[in-house]
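Biologist: I would like to walk through this model with you, one question at a time. Could you reason each answer out for me and finish on the value or name I ask for?

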Amino acid sequence: MKAVLRETRDLAADVRHFVFELEGVERFEFTPGQFVSLHGQLGGKQITRAYSLAAAPAGNRIELCLNRVEGGLFSPHLFTLAPGDAVELTGPVGYFVPRPAVRTTVLVATGTGIAPFRAMLPSLLAAADSHTVTLLFGTRREESILYRDEWENWERRHGRFRFWPTLSRAGETWTGRRGYVQASLAEALGGSLDADVFVCGLKAMVDEVRALGKALGLDRKQIVYEKYD
Ligand SMILES: Cc1cc2nc3c(=O)[nH]c(=O)nc-3n(C[C@H](O)[C@H](O)[C@H](O)COP(=O)(O)OP(=O)(O)OC[C@H]3O[C@@H](n4cnc5c(N)ncnc54)[C@H](O)[C@@H]3O)c2cc1C
């Protein structure tokens with residue numbers, strides 16, 4: 001498919017939100033949590049990279065949340081795209097998809113690993129249930145809390161949703177959580193082992209959260225994850 005870039009919005013330093021329209025497609029069906037592959041020809045080489053869909057299905061529009069990886073092959077190229085430019089896209093694919101949030105649900109992300117949760121949250125909160133859904137988001141500084149207003153709005157509208165940004169290099173004025181997301185996992189579970197944990201981001205964090213979840217008594221099937229590297 002051909003995806004034509006319609007708009008972009010900078011979310012933080014080197015993190016950008018992209019909105020594409022798929023040409024010749026009326027409705028792009030996918031399950032929130034899935035990803036697409038973008039393809040390009042760079043320096044005579046065919047390159048393919050995966051990107052999580054960052055919004056629930058909406059006609060032929062898709063949204064992505066991209067990090068410009070310094071020294072990376074493809075992501076710096078995507079940051080040169082302007083509205084009207086097109087890229088080749090295939091998908092959707094992937095098994096990182098939500099289960100109905102009818103028990104304690106903890107979503108753990110660092111950086112652009114937050115993208116699939118932006119797509120999943122509306123359906124997760126649609127279930128008539130009172131169990132908590134907690135989004136633990138780890139980043140360095142307050143300026144890089146991605147989609148902060150949106151999560152805070154969800155919190156106001158749904159008493160069972162909690163957004164817990166956790167900063168590893170917070171300034172003095174920050175009164176919220178400090179350190180790494182791992183430190184808040186036990187508290188987010190609230191002593192419950194009747195829980196599902198979804199983890200998305202770079203391998204090192206994902207592996208640590210999985211190990212911690214197991215140490216806390218969760219079965220490996222209760223920890224669903226997507227690794228970006
Ligand atoms: C299933 C899946 C979904 C993904 N979804 C997203 C997404 O929604 N948004 C997104 O920005 N990336 C996402 N990625 C990562 C993406 O596919 C690329 O790996 C990333 O854009 C780097 O590509 P590159 O060619 O610029 O770098 P490469 O030349 O391939 O260099 C790879 C280096 O980039 C690092 N890296 C990979 N992803 C990131 C990242 N997000 N932030 C910081 N460092 C990274 C790796 O550790 C590695 O060292 C996803 C990966 C997978 C497997």
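Biologist: Which domains does the domain assignment of the protein chain give?
Modeller: Happy to start there, and please keep in mind that this is a predicted model. The C-alpha centres of the two parts, domain 1 and domain 2, lie 24 Å apart. By the assignment, their bounds are 2-93 for domain 1 and 104-227 for domain 2.

Biologist: Which element gives the most to the side of domain 1 that touches domain 2?
Modeller: The contact joins 15 residues of domain 1 to 13 residues of domain 2. On the domain 1 side, the elements giving two or more residues are β1 and β5. The top contributor, with 4 residues, is β5.

Biologist: And how do the residues on that side of domain 1 divide into nonpolar, polar and charged?
Modeller: We are still looking at the side of domain 1 that touches domain 2, to which β5 gives 4 residues. Its residues divide into 12 nonpolar, 3 polar and no charged.

Biologist: Which strands stand at the edges of the open sheet?
Modeller: The sheet has 6 strands with antiparallel pairing, in the order β4-β3-β6-β1-β2-β5. A strand at an edge has a single partner, so one side of it is left without a neighbour in the sheet. Reading the order from end to end, the edge strands are β4 (45-52) and β5 (61-67).

Biologist: By how many degrees are neighbouring strands of this sheet turned against each other on average?
Modeller: The strands concerned are those of the open sheet β4-β3-β6-β1-β2-β5. With direction ignored, the average turn between neighbours is 40°.

Biologist: How many bridges join β1 to β2?
Modeller: Let us take both partners of β1. Towards β6, β1 runs antiparallel with 3 bridges, and Val4 stands opposite Ala86 there. Towards β2, the pairing is also antiparallel, with Thr8 and Phe18 as bridge partners, and the number of bridges is 8.

Biologist: Which residue in β4 stands opposite Leu38?
Modeller: Here we look at strand β3, residues 35-42, which pairs with β4 in the antiparallel sense over 8 bridges. Opposite Leu38, in β4, stands Arg49.

Biologist: Which residue in the hairpin of β1 and β2 takes a positive phi?
Modeller: The hairpin has 2 residues between its strands. The residue in question lies in the loop between β1 (2-12) and β2 (15-22), and it counts as partly exposed because it has 17 C-beta neighbours inside 10 Å. Its phi is near 65°, a positive value in a residue other than glycine. The residue is Asp14.

Biologist: Is Tyr147 buried or exposed?
Modeller: Tyr147 sits in the loop between β8 (133-139) and α3 (148-157). Its phi is near 55°, which is positive although the residue is not glycine. Because Tyr147 has 20 C-beta neighbours inside 10 Å, it counts as buried.

Biologist: Where is the place of Pro92?
Modeller: The peptide bond leading from Gly91 to Pro92 is cis, with omega near 10°. As for the element, Pro92 has its place in residues 86-93, strand β6.

Biologist: Why does the ligand lie between the two domains?
Modeller: The ligand is surrounded by 21 residues, and the closest are Ala50, Gly72, Phe74, Ser75 and Asp229. By type, the shell divides into 12 nonpolar, 6 polar and 3 charged, and at least two of its residues come from each of β4 and β5. The ligand lies between the domains because residues are given to its shell by both domain 1 (2-93) and domain 2 (104-227).

Biologist: Which residues does Phe74 touch, not counting residues up to four places away in sequence?
Modeller: Phe74 is found in the loop between β5 and α1 (75-78). With 17 C-beta neighbours inside 10 Å it counts as partly exposed. From Leu5, Phe74 is 69 residues away in sequence and 16 Å away in space, C-alpha to C-alpha. The residues that Phe74 touches are Gly40, Leu42, Ile47 and Arg49.

How values were computed
Residues numbered from 1 in each chain as written. Predicted model: local features only at pLDDT ≥ 70, side-chain atom pairs only at ≥ 80, totals over all residues. Pairing = 2+ DSSP bridges. Axes fitted to C-alpha atoms, helices over the stretch in contact; angles between N-to-C directions. Near = placed C-beta within 6 Å. Nonpolar A, V, L, I, M, F, W, Y, C, P; charged D, E, K, R; others polar. Domains from an automatic or database assignment. Buried ≥ 20, exposed ≤ 12 C-beta atoms within 10 Å, placed from the backbone. Contact = placed C-beta atoms within 7 Å.
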